[in-house]
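Thank you all for making time for this today. I would like to walk you slowly through one structure, so please have the viewer open and stop me whenever a term is unclear.

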Amino acid sequence: MAVPDACSGVNMVVPMAAVSNSTVFTQKPPSAPGGCVSVSVSVSRKKFLKDPDINGTQWINSWVESMRASSPTHIKSTPLSPTEDHSSWMVHRPSALEMFDQIMDASRGMQIVMFLDYDGTLSPIVDDPDRAFMSDKMRATVKKLARCFPTAIVSGRCRDKVYSLVKLAELYYAGSHGMDIKGPEEGTKYKKGGRAGILFQPASEYLPMIDEVYKELVEETKTIPGAKVENNRFCASVHFRCVDEKRWSDVAQRVKSVLKQYPKLRLSQGRKVFEIRPEIKWDKGKALEFLLESLGFANCTDVFPVYIGDDRTDEDAFKILRDRGQGSGILVSKFPKDTNASYSLQEPSEVMDFLQQLVDRKRLSYMGRTRLSYF
């Protein structure tokens, strides 16, 4: 007798809640199991880095140090006792693969919702961001995952660009750090009566400004070998991965000179990349909340979000999960980092193994229910 597709019988449909542009969640349950340490950059340091008018030299020096910190393999960021430090960090951020059963126990009786970063999570980090391709095997795994659970890609890239890399129409896509969200064109089986093809763009008014800044950044950085500027529609990215470290201060100085003319934009940093975004209260964490509400899970206790990412910008989503006391944040990193995530994976290949285990567990669960239905 043929066994039905394990994931086609997923039974979780909830009416879509009304969503407003200012939707926020104020409930803050206890911290999730596994313990979390907040990012070590102090509030005053964050403000300092955001304000290029404080002191030019100090600002540049601080950004260069931050740029070095974003490069885990840099000699100055390598601990004196890497084995010992990594072992200690892994005690608080254990492998999600090794703790898979514990994660599944915590999600028992709940609907799992998956959120995945792209670069460094589904694809390897490469020198040329245009060549950050996910493998066919990873794509097939994510496709199977989406048949089992609501699945979203949350990326700093332009939504159209990340869609062209992933090529799966059944997913939700949140591009530009969550400022450009779109659902599956044909809707989804995970909610009732909702709109097909959800579209949410809270920073549309900034599009002309981002285009203008992008052109200025291209002009300002064109003489720095290895610098690459990317227009991600609702934000702009200045990549310095291929820039000689001796020129990093030059990159920071030129980005600063452009941004001084745009007080409505803010500067943040990822893995060897500067991110220029609108100064609005929206990030990957807010995108996670919006998508949960769109699926009908606003303030629900029977949902278990799992967010997997490798970048500093993913910390906003990890913090949301920590504050909600629901779900699991999983950091992808080979090196110890301060993080709000509860678990870790070392590289995209481990992410694929973890996702496959989720699919396999769902298949076994469905087959078990099918057998019981015969008695």
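I will begin with the chain as a whole, then take its two sheets, its cavities, and finally a few single residues.

Please keep in mind from the start that what you see is a predicted model. The protein chain holds eleven helices and 14 strands, and of its 375 residues, 52% count as buried. If we take the contacts in the chain with a separation of 6 or more, residues 24 or more positions apart account for 67% of them.

Let us turn to the sheet with eight strands. This sheet is open, its order is S7-S5-S4-S3-S2-S12-S13-S14, and its pairing is mixed. At the edges stand strand S7, residues 199-200, and strand S14, residues 343-345, and because each has a single partner strand, one side of each is left without a neighbour in the sheet. Helix H5, residues 136-148, packs on this sheet, where it touches strand S2 (111-116) and S3, and the direction of H5 makes about 145° with that of S2. For those of you new to sheets, strands pair through backbone hydrogen bonds, and they can do so either parallel or antiparallel. An example of the parallel sense is the pair formed by S3, residues 151-154, and S4, which is joined over three bridges; within it, Ile-153 stands opposite Tyr-173 in S4.

The other sheet I want to show is an open one of four strands, in the order S8-S9-S11-S10, and here the pairing is antiparallel. Its edges are strand S8 (228-231) and strand S10 (265-270), and since each of these has a single partner strand, one side of each is left without a neighbour in the sheet. On average, and with direction ignored, neighbouring strands of this sheet are turned by 20° against each other. S9 and S11 pair over four bridges in the antiparallel sense, and one thing to look for there is Ala-236, whose bridge partner in S11 is Ile-276. Helix H7, residues 207-221, packs on the sheet and touches S8, S9, S10 and S11, with a direction that makes about 170° with that of S8. Helix H8 lies across S9, S10 and S11, and runs at about 10° to S11. Within H8, which spans residues 248-259, you will find Ala-252. Is Ala-252 buried or exposed? It counts as buried, because its relative accessibility is 1%, and the cut-off for buried is under 20%.

Now to the empty space inside. How many cavities of 30 Å³ or more does the structure hold? There are two of them, and the largest has a volume of about 350 Å³. It is lined by 24 residues, and the closest to its centre are Asp-119, Ile-125, His-239, Val-273 and Glu-275. Strand S9 (236-239) and strand S11 (273-278), which we met in the four-stranded sheet, each supply at least two residues of this lining. By class, the lining of the largest cavity divides into six nonpolar, seven polar and eleven charged residues. The second largest cavity has a volume of about 40 Å³, and its lining has eight nonpolar residues, one polar and no charged ones. S2 gives the most to that lining, with three residues.

Next, please find helix H10, residues 315-324, which is mostly covered, as eight of its ten residues are buried. What covers those buried residues includes helix H9 (284-294), strand S12 (303-309) and strand S13 (328-332). Gly-325 follows H10, and its phi is positive, near 70°.

I will end with two residues that share a backbone feature. Most residues other than glycine have a negative phi. Lys-167, however, has a positive phi, near 65°, and so does His-177, with a value near 60°. Lys-167 lies in the loop between helix H6 (159-166) and strand S4 (172-175), while His-177 is in the loop between S4 and strand S5 (180-182). As for their surroundings, Lys-167 is exposed, because its relative accessible area is 57%, whereas His-177, at 1%, is buried.

Key. Residues numbered from 1 in each chain as written. Predicted model: local features only at pLDDT ≥ 70, side-chain atom pairs only at ≥ 80, totals over all residues. Heavy atoms only, no water. Buried < 20%, exposed > 50% of the residue type's maximum accessible area, 1.4 Å probe, protein only. Pairing = 2+ DSSP bridges. Contact = heavy atoms within 4.5 Å. Axes fitted to C-alpha atoms, helices over the stretch in contact; angles between N-to-C directions. 1 Å grid on protein atoms, 1.4 Å probe; cavity = no way out; pocket = protein on both sides within 12 Å on 5 of 7 lines; lining within 4 Å. Points joined across faces, edges and corners; volume = space filled by probe spheres on them. Nonpolar A, V, L, I, M, F, W, Y, C, P; charged D, E, K, R; others polar.
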